[in-house]
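Student: I would like a close look at one part of this model, set carefully within the chain as a whole. Please take me through it in one connected answer.

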Amino acid sequence: MKPPREHDARITVIQRELFDEKKSKAQRYAELVVGKPGLLPLFKHEVITLICWGLPGALGLFIRSKLYPWLLGSCGRGVAFGAGVVLRHPHKIHIADNVVVDDGCCLDAKGTDNDGIRIGSGVFLGRNAILSCKNGDIIVDDEANIGFNTEIFSASRVRVGKKVLIAAYTYLVGGDHLYDRVDIPVLDQGRTAAGIDIGDHAWLGAHVVVTDGSRVGRDAIVGAGAVVVGEIPEFAIAVGTPAKVVRDRRTPA
C-alpha cells in the first residue's frame, strides 16, 4: 500500500469548483463533466448524451453500446450500458469485454493527473453503483460483481480484485478528511488518502464499510454491516464494528 497522499482542501471541495466566478458556467461544466478543453469534446459529449442517455429498452441498449465507446478511453466488445448511466471525464474510463453497467450507474474519473477508472472483463456493476474518483484511480479486476447502490470512492488508489463479490449498499472510502485544527471547519481542511485493496475472490456483505488504508485479503469474507479498519487476513471471516476475525475459512467450523 502506498503512503497516504495529502490533498489541499481547495482542490477537493466541490462547491468551490462549481462556483468559481473566474470561469464561465460552460468552462466549469466542461471541467467537471467532460474533462477536456475545447468546444469539440464538449459538443461530442452533449450530443451523444442527448441522443441515448435515457432511451429505454433494447433500442437504448443498442444505441448506447455503439455511441458511448466514442466518449471512453477504450471499450471492449459486448459492453452493455443501462439507461441513465452518467460518465464524467470519460476519456479516462477504460472498460474491457463483456461488462454490464446497469441503469443509473455513475462512472466519475474526475482528476487533474490521475489515470482514472479501469474495469476488467466480465464485470457486473449493479444498478445505481457509483465509482467516484477525486484525482484518484479505481481498478475493478475481471469478473468482479458490484452490488446495487454500492459506492467506491478513491482519492488515491482503490483496487477490487478478480471475482470479488460486493453486496448492495457497500461503501469503499478511499480517502479521509483531516481534522487536526479546531479553529476552522473540517470541510476547509485538507484530505489524506492511503487507498484500499480488496483481494481476489473476497466477499463483502451488504452495508459493509471499508475505510481508507484498509486491506481485505484474498478469499476473505466480511459479514454484513461490518466496518473494516486496517487489515483482514486472507481466508478470514470477519464481522462487527470494527471488523474482527472470528474464523479462518480453512479451519473446519
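Student: How far apart are the mean positions of the positive and negative charges of the chain, and, for the close look, which strands form the open sheet, and in what order?

Tutor: This is a predicted model, and every value that follows should be read with that in mind. To take the charges at the outset, the chain carries 31 positive and 29 negative charges, and their mean positions lie 3 Å apart.

The sheet is best approached through the chain that holds it. Four helices and 27 strands make up the secondary structure of the chain. Its radius of gyration is 19 Å, close to the 18 Å that the globule rule gives for 253 residues, so the chain is as compact as a globular protein of that length. Along the principal axes, the C-alpha atoms fill a box of roughly 60 × 55 × 25 Å. Of the 253 residues, 45% are buried, while the chain exposes about 12,800 Å², with carbon and sulfur atoms supplying 58% of that area. Among contacts between residues at least 6 apart in sequence, 28% join residues at least 24 apart.

The open sheet itself consists of nine strands in the order S3-S6-S9-S12-S15-S20-S23-S26-S27, and the pairing is mixed. Its edge strands are S3, at residues 80–81, and S27, each of which pairs on one side only. Within the sheet, strand S12, residues 145–146, runs parallel to S15 and is joined to it by two bridges, and here Ile 146 of the model stands opposite Ile 166 in S15.

Several loops that adjoin strands of this sheet deserve attention for their backbone geometry. Strand S15 (165–166) is separated from strand S16 (171–174) by a loop that contains Tyr 169, a residue other than glycine whose phi is nevertheless positive, near 65 degrees. With a relative accessible area of 42%, Tyr 169 is partly exposed. A comparable description applies to Asn 98, which lies in the loop between strand S5 (93–95) and strand S6 (100–101) and has a positive phi near 55 degrees, again in a residue other than glycine. Asn 98 counts as exposed, its relative accessibility being 52%, where the cut-off for exposed is over 50%. Towards the edge formed by S27, the loop between strand S26 (236–239) and strand S27 (244–248) holds Pro 242, and the peptide bond that joins Thr 241 and Pro 242 is cis, with omega about -5 degrees.

The helices may be set beside the sheet through two of their number. In helix H2, residues 25–34, the buried residues are Arg 28, Ala 30, Leu 32, Val 33 and Val 34; Gly 35, with a positive phi near 85 degrees, follows this helix. Helix H3, residues 39–52, is the place of His 45. The relative accessible area of His 45 is 6%, so this residue is buried. Once neighbours within four places in sequence are left aside, His 45 is in contact with Tyr 29, Val 33, Val 34, Leu 71, Leu 87 and Pro 90; of these partners, Val 33 and Val 34 are among the buried residues of H2.

How values were computed:
Residues are numbered from 1 along each chain as its sequence is written. This is a predicted model: local features need pLDDT of at least 70, side-chain atom pairs count only at pLDDT 80 or more; totals for chains, interfaces and linings use all residues. Side-chain values use heavy atoms; hydrogens and water are left out. The radius of gyration is taken over C-alpha atoms; the globule rule is 2.2 Å times the number of residues to the power 0.38. Buried means under 20% relative accessible area, exposed over 50%, partly exposed in between (1.4 Å probe, protein chains only). Contact means heavy atoms within 4.5 Å. Accessible areas come from the Shrake-Rupley method with a 1.4 Å probe; for residues, only the protein chains shown count as cover. Lys and Arg count as positive and Asp and Glu as negative; His and the chain ends are not counted. The place of a charge is taken as NZ of Lys, CZ of Arg, CG of Asp or CD of Glu. Two strands pair if DSSP finds at least two bridges between them.
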